Amino acid sequence: MLISAVFVPLTWIKYVRYIILLPKILFDVFLLADYFVFKIYRFHIDMMFVKMAISDFKGIGLSPMMSVVSILAVLLIVFLNWRMYKWVSKKHFRHQKKFILLLFLLLAFGQAVHIWASEYKQYFIQQYTPYFPYYFPTTSHSLMKKIEKKHPGWIPKPVEKAHQGFSLDDGKSNNSLLNYPLQKLQFNDSIAKPNILMIVLESWRTDLLSPEATPMLDSLSRHSLRFNNHYSGGNVTVSGIFSLMYGLHPTYLPYVQADAYRYQTSLTKSLAQLNYDIKSYTSSNFDRFSLKAMLFGHIKNDHYINVLTGRADKADRKVVDQLIADIQNEKIHHWYKFVFLTSSHHHYNYPDQYKIFTPVPTNSEGFIFDKNIDAQAFINDYKNALRYEDALLSEVISALKKSGKYDNTIIIVTGDHAEEFNDNKQAYWGHGSNFTKYQTSVPLIVHLPQQENGKTLTHVTSHIDIVPTIFNDYLSCNNPINTYSSGKSLLDTIASHGLIMTSYKDKGYLINRKIYSTGLFVKSYSVDDINQVNKQYDYKALNELRREENHFLQK
């Protein structure tokens with residue numbers, strides 16, 4: 001009905017009215033098909049689904065009876081649109097401009113409401129977002145903060161109410177699509193509990209876990225488990241951090257964002273129930289995308305160290321100083337600390353004494369004007385920032401050892417996503433634009449308590465494997481992994497491992513070192529080189545992986 005209303009003004013334009021009927025019919029048919037696809041599979045039709053339907057129609061599972069019903073539905077849509085077209089084309093509306101203005105105001109109002117709902121985590125509005133096909137609601141944390149600062153009385157904060165009929169032990173609610181976790185998680189409380197230090201470096205790519213760029217971390221990796229074929233859950237921060245902290249495919253992100261507090265990650269929720277002291281140390285704004293609420297729930301202010309002022313290197317310095325002070329003064333028996341450093345994000349900030357790799361670019365955004373510019377100066381700049389973060393983390397590890405906590409701490413070090421410097425020779429820079437290893441493959445170091453001998457592992461692993469590894473291997477969780485995670489244990493070298501990765505605009509499936517990317521278009525290429533085009537689609541594996549996208553959704 002809404003689309004029909006939007007199309008109405010076009011029928012008043014003399015020549016346009018004769019050509020809009022066919023696209024309107026096709027669009028209605030498409031929306032109807034999407035309704036049934038979403039009802040069955042819990043995802044909206046994308047170009048990958050279209051390609052699979054064309055190439056492997058039997059795999060869609062449409063019965064002969066449903067085929068007949070579908071044809072009748074299409075004929076009904078054609079008839080209704082034709083009748084509406086005939087009626088509207090004969091009418092003369094005196095308030096055309098007012099009608100168009102009203103439509104615009106309604107759409108603008110809807111976006112404004114969603115900005116408010118996102119800022120204040122209003123589930124009663126956001127819960128409907130996943131149902132709407134191709135709906136991209138606006139969020140603006142910065143705008144809301146400006147309004148709050150200049151006009152504090154304009155937008156009062158809603159009073160937070162306890163969730164009705166909801167237990168912290170599970171994420172279920174009667175009016176949500178999400179069913180996470182599938183059952184209450186139970187742990188063997190009698191086991192010894194290690195401390196957990198999880199460190200994330202912004203935009204850290206696999207090949208720069210090296211003696212030159214990150215000497216301390218490279219040394220630590222030689223006495224730890226080092227995973228050399230590890231992938232983030234995406235090529236942007238929100239996808240990477242979500243997959244890391246939830247152990248879920250990042251396609252579940254919109255469902256969690258709809259009610260961030262209710263669906264706080266089972267990682268921190270379970271650790272809190274096991275009496276872990278939980279603290280976060282970041283120089284990134286996690287209020288965006290509801291990450292703070294999703295990752296840490298209603299965390300106390302003194303447990304959430306968030307330095308956002310000044311350059312990233314100075315903010316990281318303050319973050320690490322507070323972390324070290326807490327490690328030295330920590331009286332708690334077991335704790336979980338999450339650390340996210342951002343100096344290695346473009347524009348790559350670091351103190352002058354860390355300008356070790358030269359030359360560096362005179363214009364840090366020079367690649368915008370010349371996509372094929374020599375990358376070495378930009379790589380040098382990036383490596384200097386990593387070298388600075390490595391030095392900061394060296395202080396952290398020293399503080400752990402001096403405090404006597406090093407031998408009772410699981411240390412996990414990784415990146416949120418990687419960083420490309422035109423490695424594909426297709427003028428891709430930074431991240432968020434493709435799913436090759438240059439933007440998605442990140443280092444992973446896991447140092448276990450009292451571990452002395454290192455081991456390098458080369459089987460495919462992912463961020464979604466870290467939560468089940470912590471739960472299953474080190475906290476004695478009694479639940480099957482598939483009741484709370486899309487992943488597996490990092491040490492499971494046998495099971496095949498297809499992965500799903502997302503960006504802000506599309507998603508990619510990684511199967512046997514081939515990327516199947518879907519968004520506005522469908523592309524398939526080698527994860528090692530975007531120029532190696534793949535023409536043979538493994539539809540069986542794709543179907544299996546797509547089924548994992550609705551494993552934690554209400555059936």
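This briefing walks through a nonpolar surface patch and a covered strand with its neighbours. The model is predicted. On the surface, six residues from M65 to L75 make up a nonpolar patch, while strand 4, residues 277-282, is mostly covered.

**The surface patch**
- The patch is formed by M65, V68, V69, I71, L72 and L75.
- Together these residues offer about 600 Å² of accessible area.
- M65 belongs to helix 5, which spans residues 64-89.
- With a relative accessible area of 59%, M65 counts as exposed, because it passes the cut-off of over 50%.

**Strand 4 and its two faces**
- Six of the six residues in strand 4 are buried.
- D277, K279 and Y281 point one way from the strand, and all three are buried.
- I278, S280 and T282 point the other way, and they are buried too.

**Partners of strand 4**
- On one pairing, strand 4 runs parallel to strand 6 (residues 335-341), and six bridges join the two.
- Looking for a landmark there? I278 has Y336 as its bridge partner in strand 6.
- Strand 4 also pairs with strand 5 (residues 304-306) in the parallel sense, this time over three bridges.
- Here Y281 is the residue to look up, with I305 as its bridge partner in strand 5.
- To get from strand 4 to strand 5, the chain passes through helix 13 (residues 291-296), making a β-α-β crossover that is right-handed.

Note on methods:
Residues are numbered from 1 along each chain as its sequence is written. This is a predicted model: local features need pLDDT of at least 70, side-chain atom pairs count only at pLDDT 80 or more; totals for chains, interfaces and linings use all residues. Side-chain values use heavy atoms; hydrogens and water are left out. Patches are made of residues with over 30% relative accessible area and no salt bridge: like charges are joined within 9 Å, nonpolar side chains (Val, Leu, Ile, Met, Phe, Trp, Tyr) within 5 Å. Accessible areas come from the Shrake-Rupley method with a 1.4 Å probe; for residues, only the protein chains shown count as cover. A salt bridge is a side-chain nitrogen of Lys or Arg within 4 Å of a carboxyl oxygen of Asp or Glu. Helices (H or I, at least four residues) and strands (E, at least two) are DSSP runs, numbered from the N terminus. Buried means under 20% relative accessible area, exposed over 50%, partly exposed in between (1.4 Å probe, protein chains only). Two strands pair if DSSP finds at least two bridges between them. A crossover is right-handed if, with the strands pointing away from the viewer, the path from the first strand over the helix to the second runs clockwise.
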